[in-house]
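This report goes through a single protein chain, beginning with one of its polar contacts and then moving outward to the strands, the cores and the overall make-up.

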Amino acid sequence: MKVDLYEKIWMWGVAVMLSLFFASTAIAALRDSIHPPSHVETIDPARVMADARFRAPGVSVDGNGRVEARIIGMTFAWLPAELTVPAGTAVTFRVTSMDVTHGFEIVRTDGQTMVLPGYVSQFTTQFDEGEYLVTCNEYCGIGHHTMAAKLHVVPRTAWKAPGVAMAPMPIALPDGAGGAR
Ligand code: CUA
């Protein structure tokens, strides 16, 4: 089969580019362990408030000292609107939506994830001391630009593990529900 020289150059060019793209993805995933910021965990978006995983939105710490922040996104707010976490400490964020797709973004940090109704988005990161703005970076409706929250990052020594998370729903926690401690 006769292939025109010009076409051959393009074929080789495309082959080289594709190899580079696949190789860079494979290296990032296998060598550097860079993966999408979440996992597949589903939730009934109509029953988020009643779900044991989100009955107590806010920050808590478990028996092993792991800090977790649970946040619910809705048009047009993040619940809770203020979070306080310790500096230089890994914090696992677990975020879900009660209605439409939102984008949870802690401005000027690597803390960011898409928030889809029906799924729990999760990522773990840590911060330097300071005040951070949390915005919604996924257009979600007329009040999109007002959907914001605040993250206070305080020195470890000044941080007190919340005894009771800011639970808006006075629902009793069943044993081992993973809520406020
Ligand atoms: Cu929520 Cu934009």
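In this predicted model, the side chains of E41 and R53 form a polar contact of 2.8 Å. The side chain of E41 also makes a polar contact with that of R94, at 2.8 Å. E41 sits in the loop between α1 and β1. Its relative accessibility is 16%, so E41 counts as buried, the limit being under 20%. Beyond four places in sequence, the contacts of E41 are R53, R94, G118, Y119, V120 and Q122.

A second buried polar residue is T92, which belongs to strand β5. T92 counts as buried because its relative accessible area, 18%, is under 20%. Its side chain has a polar contact of 2.8 Å with the side chain of T124. Outside the four nearest places in sequence, T92 is in contact with V67, E68, A69, Q122, F123 and T124.

The side-chain polar contacts described above, together with the helix cap taken up further below, are listed here.

| Group 1 | Group 2 | Distance |
|---|---|---|
| E41 side chain | R53 side chain | 2.8 Å |
| E41 side chain | R94 side chain | 2.8 Å |
| T92 side chain | T124 side chain | 2.8 Å |
| D4 side-chain oxygen | Y6 backbone nitrogen | 3.2 Å |

Strand β5 covers residues 91-97 and is joined to β8 by five bridges, the two running antiparallel. In this pairing V95 stands opposite S121 of β8. Side chains in a regular strand alternate between the two faces of the sheet. Strand β8, residues 121-125, has S121, F123 and T125 on a covered face and Q122 and T124 on an uncovered one.

F93 touches residues on both faces of β8: S121, Q122, F123 and T125 are among its contacts. Its other contacts, again leaving out residues up to four places away in sequence, are A69, I71, L83, F104, I106 and F127. F93 is also listed with I71, W78, F104, I106, F127 and L151 as the residues with the most contacts inside the largest nonpolar core, which has 26 residues. The elements that give two or more residues to this core are β1 (58-61), β2 (67-74), β4, β5, β6 (102-106), β9 and β10. Another core lies apart from it and has six residues, including I43, V48, I72 and M74.

Five strands make up an open sheet with mixed pairing, in the order β4-β10-β9-β6-β7. Its edges are β4 (82-86) and β7 (112-115), each of which pairs on one side only. From one strand to the next the twist averages 20°. Within this sheet, β9 (residues 130-136) and β10 (residues 148-154) are antiparallel and share six bridges. L133 stands opposite K150 in β10.

How many helices and strands does the chain have? There are one helix and 10 strands, and their order along the sequence is α-β-β-β-β-β-β-β-β-β-β. Helix α1 spans residues 5-30, 26 residues in total, and its first and last C-alpha atoms are 37 Å apart, close to the 38 Å expected at 1.5 Å a residue. D4 caps the N-terminal end of α1, with a side-chain oxygen 3.2 Å from the backbone nitrogen of Y6.

Over the whole chain of 181 residues, 34% count as buried. Among contacts with a separation of 6 or more, 62% are between residues 24 or more positions apart.

Conventions
Residues numbered from 1 in each chain as written. Predicted model: local features only at pLDDT ≥ 70, side-chain atom pairs only at ≥ 80, totals over all residues. Heavy atoms only, no water. Helix = DSSP H or I, 4+ residues; strand = E, 2+ residues; numbered from the N terminus. Expected span 1.5 Å × (residues − 1). Polar contact = N/O pair within 3.5 Å; in protein donor to acceptor, adjacent residues only side chain to side chain. Pairing = 2+ DSSP bridges. Axes fitted to C-alpha atoms, helices over the stretch in contact; angles between N-to-C directions. Buried < 20%, exposed > 50% of the residue type's maximum accessible area, 1.4 Å probe, protein only. Core = buried A, V, L, I, M, F, W, Y, C linked by side-chain atoms within 4.5 Å. Contact = heavy atoms within 4.5 Å.
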